[in-house]
Amino acid sequence: MATEVRGATRVSKVVPIIDPSPSPRNSLSKQKVDDFPEEAEVALEGGSWVTTIRKLSALANSEGFNDHYRNLFDNNEASYLRWKEVFDKLFLFGEEDLIAVVTRSILSSVDLSRLRALEELCSPTFFNDSGLLVAVRRRILEVLQQNRLRQQLASQPTPTVVLQIPQEIVPIPELDDDTKSSKKQQLDIAKKMEPAMFLEDSPPVQVTAVDEEILDACAALGVASSKDRQFEQARLYYKLALDGYEAKLGKNSAKGLKVEYSLVCCSCESKHVMTEKLEMLVQKMEEVLGKEHVVTLDALNSYGARLDNLGKYELARHALEKCMASQEKVLGPHHTKTLMTVCNLGLVYKHLQMYDNALELYERDLADCERLLGKDHPSTLMTVENIGNLKMDGMKEFKEAKLYYERALRGYKSQLGKYHECTTKCVKNFKSCLKASNNAERLDKLKDEYPS
């Protein structure tokens, strides 16, 4: 039996106060700005995202890729051009260390539009680096807080205590003396692009009213922390955002219910308890927001996937078919959220032994992923692997399954690295396929390359 690759893991962008973690390293009220470059460097060490940036360059000028990115910014041309500026800046440097320098440089900026462009580049839609995404969103949150504090200082001559402001943003680090002159020239360009910045000392103040944009950033940081498997931290961010939304927007606002949904999904309760909570939340959303509201449909998709996990396949089928029909109407058949539901419904059809229906949905998802993201994007490869699983487990078409596993494994290794969890999971499924089809020669080669 293949290990399932769920479409629900492909989460698209969720809208981006004080970091709740008691750890000094993770506390925005105490953390120095120079921690951010260090944190980013940890994320950069893997290097897989650098490889992906280079491969994305082949798609960067294609019509489908650019249209997809414009859609993410709701066709806001100014935001799209800012993203292109960041992308072009990163790709300008062909060396990994210089790309890292530029990334740290952007992290040191107080330019929110540039930081948001880097945030989008770190998202699952592009090179999907959760560690770096956490660092970028923390920086966005910090800048928003700094802006809020400046506004308060201007309006309150005698503020009262609590929030500590970082006093200095660290300049871009120099390369070693023996660095080639061409690299030094490129580094000079990077410095001009993002000059080192310093903030004047500011007294600590109390934030008496939280901006909605700060709450959005807190919710987004919860999403990033959850993706990075920092679940305790994610729950705290979500709780702060939820409390803030209820105070500012009232109970049962769309943003508040969206965070409540994220909080339920991020909880460590049993599958049964979580499914029950999702069911109640979907009912609540349908009453308050409407049955075709985007947030309601997000929760309905997750609820259907949970029912599938519990083996309640007919209930899952009903929920996901309803969700997909509404998403096609509200968002369109090619939207990333619609495709997530398509993928989840395909898995339910597989469990119901409706193999032709499942294959039809997977092939639809694959065609859209290839057109919008490219043939080697991790999200595309997940669908390729899902088809391999279907061909092996359900349809018993081992030769065809082998071709899909070969493609998925080749892509995962190239994009994410040999030891990434997606790669290792694909290897496990591929081994099962080769064993089931008595392909001993290919199995031995795979075991030699990927010993378990």
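Student: What should the 18 residues of helix 12 span, and how far apart are its end C-alpha atoms?

Tutor: Keep in mind that this is a predicted model. Allow 1.5 Å a residue and helix 12, residues 271-288, should span 26 Å. Its end C-alpha atoms sit 25 Å apart, which agrees.

Student: Okay, and which residues of helix 12 are buried?

Tutor: Start with the general idea: an α-helix has 3.6 residues a turn, so residues three or four places apart point the same way. Now the case here: the buried ones are Met-274, Thr-275, Leu-278, Leu-281, Val-282, Met-285 and Glu-286. Look down the axis of helix 12 and these buried residues fall within an arc of 135°, so they line one face of the helix.

Student: What is exposed on the other side of helix 12?

Tutor: Met-280 and Glu-287 are exposed there. As for the buried residues, their cover includes helix 11 (254-265), helix 13 (294-309) and helix 14 (313-330).

Student: Which residue just after helix 12 takes a positive phi?

Tutor: That's Gly-290, with a phi of about 110°.

Student: Let's try a helix pair. At what angle do helix 19 and helix 20 pack?

Tutor: Helix 19 (residues 421-436) and helix 20 (residues 440-449) pack at about 155°, and their axes are 9 Å apart. Angles over 145 degrees count as roughly antiparallel, so that's how these two helices run relative to each other. The crossing of helix 19 past helix 20 is left-handed.

Student: Which residues make the contact?

Tutor: From helix 19, Val-427, Phe-430, Lys-431, Leu-434 and Lys-435; from helix 20, Arg-442, Leu-443, Leu-446 and Lys-447.

Technical notes: Residues numbered from 1 in each chain as written. Predicted model: local features only at pLDDT ≥ 70, side-chain atom pairs only at ≥ 80, totals over all residues. Heavy atoms only, no water. Helix = DSSP H or I, 4+ residues; strand = E, 2+ residues; numbered from the N terminus. Expected span 1.5 Å × (residues − 1). Buried < 20%, exposed > 50% of the residue type's maximum accessible area, 1.4 Å probe, protein only. Arc of directions from axis to C-beta. Contact = heavy atoms within 4.5 Å. Axes fitted to C-alpha atoms, helices over the stretch in contact; angles between N-to-C directions. Parallel < 35°, antiparallel > 145°, perpendicular 65-115°, else oblique. Left-handed = near helix turned anticlockwise from the far one by under 90°.
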